[in-house]
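Reader: I'd love a close look at just one part of this model: how do the helices sit against the sheet and against each other? Could you walk me through it slowly?

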Amino acid sequence: ETVDIITLINDIKTQYYSDRKDGRELNLFCPSEHKVVSTNVSFLNHIVCNLVNNAFKYSPNAENPSLSLIFNQDNYQIVVQDFGIGIPEADQQHLFELFFRANNVFYIEGTGLGLTITKEFTKKLGGTISFESKEGVGTTFTLQFPYGG
Ligand code: ATP
Ligand code: MG
């Protein structure tokens with residue numbers, strides 16, 4: 001199916017992140033031009049929500065996380081950034097393993113499933129996922145998808 005990707009991102013923010021108990025919000029950075037992409041809306045919703053949920057969950061009391069949409073020549077990127085607890089370097093290689101949780105999140109609830117699913121869904125859409133993180137500083141996940149789905 002085809003969808004205006006900026007509208008989809010805005011809808012996700014309104015639907016899921018507009019009324020948080022802690023008063024924080026998701027900062028959106030989108031291009032001014034609109035683009036229609038071919039994707040599976042349900043998968044893409046899951047992917048984005050998993051990453052944004054993590055960004056809030058693993059940055060308690062920090063400044064707002066952000067989502068940036070970037071249009072390249074042949075693909076588009078969705079970048080989710082937070083300024084939270086980060087991922088210890090030794091744990092980073094295991095991040096997409098089923099049930100894996102880093103050793104600095106024992107006090108925060110979770111099952112270690114979200115990222116495994118996120119990666120599978122991303123692959124199904126012909127995309128890639130990568131991340132950069134520094135413990136105590138923050139984490140940035142980058143998704144890259146073809147416009148054609
Ligand atoms: P759930 O299945 O409910 O999402 P989870 O959040 O523990 O549980 P994942 O989303 O798969 O599981 O994430 C796996 C682990 O990766 C987390 O437990 C955490 O250690 C680390 N992690 C993921 N995102 C972040 C982030 N934005 N900042 C810091 N650590 C993160
Ligand atoms: Mg999670």
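Author: Sure, and let's start with a bit of vocabulary. For the angle between two axes, under 35 degrees counts as roughly parallel, over 145 as roughly antiparallel, and 65 to 115 as roughly perpendicular; the rest are called oblique. Keep in mind that this is a predicted model.

Now use that on the helix pair. Helices α1 and α2 pack at an angle of about 55 degrees, and α1 and α2 are therefore oblique to each other. Their axes are 11 Å apart, and α1 passes α2 in a right-handed crossing. Who makes the contact? On the α1 side you'll find Leu 8, Ile 12, Tyr 16 and Tyr 17. From α2 come Val 41, Leu 44, Asn 45, Val 48, Cys 49 and Val 52. Sorted by class, this contact between α1 and α2 has nine nonpolar residues, one polar and no charged ones.

Next, what do these helices lie on? There's an open sheet of five strands, in the order β2-β4-β5-β7-β6, with mixed pairing. As general background, strands of a sheet pair through backbone hydrogen bonds, either parallel or antiparallel. β2 (27-29) and β6 (128-134) stand at the edges with a single partner strand each, so one side of each has no neighbour in the sheet. From one strand to the next, the twist averages 15 degrees.

Look at the β6 edge for a moment. β6 pairs with β7 (residues 138-146) in the antiparallel sense, over seven bridges. Within that stretch of the model, try finding Glu 132, which stands opposite Thr 140 in β7.

Back to the helices, now seen against the strands. α1 (residues 5-17) lies across β2, β4 (66-71) and β5 (75-82), and runs at about 175 degrees to β4. Helix α2 (residues 41-57) packs on the sheet too, where α2 touches β4, β5 and β7. The direction of α2 makes about 25 degrees with that of β5.

One last stop: α2 also takes part in the surroundings of ligand 1. Both α2 and α3 (114-124) supply at least two residues each to the shell around ligand 1, and α3 gives the largest share, three residues. In total, 21 residues surround ligand 1, and the closest are Tyr 58, Ala 102, Gly 110, Gly 114 and Leu 115. By class, the shell splits into ten nonpolar, nine polar and two charged residues.

Conventions
Residues are numbered from 1 along each chain as its sequence is written. Chains are lettered from A and ligands numbered from 1 in the order in which they are written. This is a predicted model: local features need pLDDT of at least 70, side-chain atom pairs count only at pLDDT 80 or more; totals for chains, interfaces and linings use all residues. Two strands pair if DSSP finds at least two bridges between them. Helices (H or I, at least four residues) and strands (E, at least two) are DSSP runs, numbered from the N terminus. Axes are lines fitted to C-alpha atoms, for helices over the stretch in contact, and angles run from 0 to 180 degrees between N-to-C directions. Two residues are in contact if their C-beta atoms, placed from the backbone, lie within 7 Å. A crossing is left-handed if the near helix is turned anticlockwise from the far one by less than a right angle, and right-handed if clockwise. Ala, Val, Leu, Ile, Met, Phe, Trp, Tyr, Cys and Pro count as nonpolar, Asp, Glu, Lys and Arg as charged, and the others, Gly among them, as polar. A residue is near a molecule or strand if its C-beta atom, placed from the backbone, lies within 6 Å of it.
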